[in-house]
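User: I would like to go through this two-chain model with you, one question at a time. Please give the cut-offs behind each term as it comes up.

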Amino acid sequence: MKRTIFEKIWEQHRIEALPGGVDLVLIDRILLHERTGGIALRRLLDRGQPVFAPDQAFAVMDHIVDTFPGRSDKTLMPTGTEFIRMTRDAAREAGIRLFDLDDPAQGIVHVMSPELGIVLPGATLICPDSHTCSQGALGALAWGIGTSEAEHALATSALRLRRPKTMRVTVDGTLAPGVTAKDLALALLGRFGVGGGSGYVVEYAGEAVRALEMEGRLTLCNMGTEFAAFTAIIAPDGKTLEYVKGRRFAPTGAEWEKAAEQWLALASDEGAEYDVELSFDAGDVAPMITWGTSPQQVVPIDAAVPAVGEAPGQGTESAQARAREYMGLDSGTPLAGLPIDAAFIGSCTNSRISDLRRAASLLQGRKVAPGIKAICVPGSTSVKRQAEAEGLHEVFQAAGFEWRESGCSMCFFAGGESFGPQDRVVSSTNRNFESRQGPGTRTHLASPETVAASAIAGRIADPRRIAS
Amino acid sequence: MEPVSEVSGRAIPFGRKNIDTDIIIPAHWLKTISREGLGRGAFQALREDPANIFDQEEFKGAPILIAGDNFGCGSSREHAAWALLDMGIKAVIAPSFSDIFSGNAFKNGILTVVLPQEQVDRLLEVARTDPINIDLTTQTVTTPFQDRFAFEIDPFRKHCLLNGLDEVGLTLSRDEAIAGYETMQAAQMPWFAKGTGLAA
């Protein structure tokens with residue numbers, strides 16, 4: 001029987017089949033953050049229910065903490081301190097390892113977990129956070145759940161699940177220079193729509209996916225949730241093993257040898273069948289930028305806001321009309337050249353060291369245009385340290401970027417720091433929903449290169465036109 | 001959890017597609033660690049329009065919401081389900097739901113009913129003037145005009161909803177199976193296993 005990677009991991013973790021087509025599946029790793037995880041843990045402890053395997057759960061502060069230098073438990077979000085302290089106390093009480101504000105390994109959960117080898121190929125991993133699919137880039141089955149399911153997993157180390165369907169998205173061809181995993185992720189959403197992956201474990205395959213480095217794969221899988229997928233996954237290969245080896249929680253010695261052999265065998269068998277197969281040519285992808293308020297409302301950077309009836313796959317006409325109104329854009333307006341107010345590099349999508357290096361190479365010796373608020377938030381304290389060792393912080397700061405402590409920061413507005421109403425922001429994040437980055441804020445999603453190029457130009461700019 | 005067997009009454013004929021959890025409950029309502037009172041923040045941006053459907057007198061307190069494709073996409077926040085519950089919603093009908101949202105809804109005793117678009121369109125029409133009935137036991141949605149639409153539901157979810165069962169308790173009763181699995185895993189995949197000292 002030929003099997004996909006998903007089927008192999010699922011069957012390896014199935015404790016038993018329950019009546020009604022539901023499987024009881026073992027969960028290897030549970031990640032919690034102070035926005036949703038602390039609540040799950042607190043509710044469990046308040047019911048007198050212990051955590052089943054505290055050594056397989058990890059907590060981190062990323063969502064609510066401020067990212068200003070010299071930060072503390074005090075937050076701009078009015079009730080943020082309450083979340084931070086509740087999470088800290090609950091983690092201590094439950095005996096769960098916490099990466100607190102001042103921990104050298106603190107970071108955005110989907111950045112720090114791969115860095116530390118918490119997520120491993122072949123593992124089942126859950127976190128009450130929709131972007132948990134990012135971690136499928138290592139060949140793990142990692143998916144986002146809600147608070148109640150997190151309580152369930154904490155109490156039992158297992159979840160009751162219906163087996164999701166399988167989809168393979170094969171991306172052949174080669175990404176052109178200056179075109180990144182982020183552009184690919186956005187182009188896939190533009191082509192197949194934000195509902196395209198609903199109910200599926202989406203396996204990304206093909207030569208363009210294999211050619212991506214691990215950090216690019218994390219970016220691609222990150223936006224699996226924008227595709228409505230159950231999760232995204234990429235088969236482990238030599239690059240995966242090289243990335244995992246030597247990380248803090250990765251196996252060592254003879255165990256490493258055994259694990260590495262098992263992980264390479266997880267790749268989908270030749271001829272394995274999927275419920276749905278899609279294919280895409282990487283050569284067709286240009287630097288992409290969203291024009292609307294859904295990640296599927298996206299065009300190549302040298303294109304214009306679609307006219308009525310021109311982009312039937314990007315939402316209903318009324319949704320597109322509403323998006324144009326919210327974004328303050330008429331159909332036919334070219335994206336490149338639109339004046340911007342702010343530029344943001346950060347988030348679990350694009351805040352890793354390679355993202356910062358590529359952005360810095362464009363910023364080197366240049367200045368952010370006058371009046372533009374430009375912010376760089378490294379994805380983890382480790383990324384920040386590495387960037388500082390390479391002198392990247394000086395490049396960002398000399399250009400006029402703020403250089404922050406790590407966290408989710410202004411990827412979303414939760415009552416703390418935000419951009420202003422009608423501010424036009426080019427952002428390396430993952431969601432451009434109405435008011436996502438501040439009440440009335442207009443978000444354009446793009447790669448870190450496009451954000452850097454636009455910050456310099458003071459308007460949306462094609463990074464390929466700026467020599468690095 | 002309270003058992004659910006039937007949801008009957010007015011249904012809000014909303015119908016919009018791709019409603020994300022930021023629209024259901026904007027992030028700035030997630031400031032407290034309590035789940036009460038979120039109904040006031042539900043669909044806040046849409047309710048700024050005085051003509052919005054949610055605040056029309058006849059739909060206040062309606063137990064059913066009829067939505068479009070991909071309802072509940074976006075962030076995993078369970079507050080979306082809590083906000084609907086706090087509004088008085090006990091069931092949502094749509095052509096499709098985001099997986100995380102439908103899981104969260106179920107865990108909070110909200111019934112999610114998937115029907116084909118044309119049947120949802122018909123219900124949107126009926127709901128403007130008349131009540132709708134959802135019978136979980138027979139898995140049917142009916143209207144006063146003899147419409148009768150059958151829906152599928154995961155048998156386990158149906159069983160839990162009908163009996164108001166707590167899933168965690170059910171899984172804990174499988175402790176022997178879980179422990180047996182873990183013994184096997186500790187031998188075959190020790191790098192994942194419980195008790196490997198990761199938290200040390």
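User: Which residue has a side chain that meets the side chain of Arg162(A) in a salt bridge?

Analyst: This is a predicted model, in which local features need pLDDT of at least 70, side-chain atom pairs count only at pLDDT 80 or more, and totals for chains, interfaces and linings use all residues. Residues are numbered from 1 along each chain as its sequence is written, chains are lettered from A and ligands numbered from 1 in the order in which they are written, and side-chain values use heavy atoms, with hydrogens and water left out. A salt bridge here is a side-chain nitrogen of Lys or Arg within 4 Å of a carboxyl oxygen of Asp or Glu. At 3.0 Å, N to O, the partner of Arg162(A) is Asp154(B).

User: Why does the pair of Arg162(A) and Asp154(B) join two chains, and is Asp154(B) buried or exposed?

Analyst: Arg162(A) lies in strand S8 (residues 158-162) of chain A and Asp154(B) in the loop between strand S8 (148-150) and H6 of chain B, so the pair joins two chains; helices (H or I, at least four residues) and strands (E, at least two) are DSSP runs, numbered from the N terminus. Buried means under 20% relative accessible area, exposed over 50%, and partly exposed in between (1.4 Å probe, protein chains only). Arg162(A), with 42%, is partly exposed, whereas Asp154(B), at 14% relative accessibility, counts as buried.

User: How many salt bridges are counted between chain B and chain A?

Analyst: One salt bridge between the chains is formed by the side chains of Asp22(B) and Arg436(A), at 3.8 Å, N to O. The contact, meaning heavy atoms within 4.5 Å, takes 55 residues from chain B and 72 residues from chain A. For chain B and chain A, the count is four salt bridges.

User: Which helix gives the largest share of the side of chain B that touches chain A?

Analyst: Across this interface the rule finds 19 residue pairs in polar contact, both residues at pLDDT 80 or more; a polar contact is a pair of N or O atoms within 3.5 Å, where within protein one must be able to donate a hydrogen and the other to accept it, and residues adjacent in sequence count only if both atoms are side-chain atoms. The elements of chain B that give two or more residues to this side include helix H3 (79-87), helix H4 (99-107) and helix H8 (175-188). With seven residues, the largest share comes from H8(B).

User: Is Glu151(A), the salt-bridge partner of Arg47(A), buried or exposed?

Analyst: The side chains of Arg47(A) and Glu151(A) meet at 2.9 Å, N to O. Arg47(A) lies in the loop between H2 and strand S4 (57-60) of chain A and Glu151(A) in helix H5 (residues 147-156) of chain A, so the pair ties together parts that are 104 residues apart in sequence. At 49% relative accessibility Arg47(A) counts as partly exposed, whereas Glu151(A), at 3%, counts as buried.

User: Which helix gives the largest share of the largest nonpolar core?

Analyst: A nonpolar core is a set of buried Ala, Val, Leu, Ile, Met, Phe, Trp, Tyr and Cys residues joined through side-chain atoms within 4.5 Å. Of the 138 residues in the largest one, Tyr204(A), Ile93(B), Ile132(B) and Ile134(B) touch the most other members. The largest share of this core, seven residues, comes from chain A, namely from helix H6 (residues 181-192).
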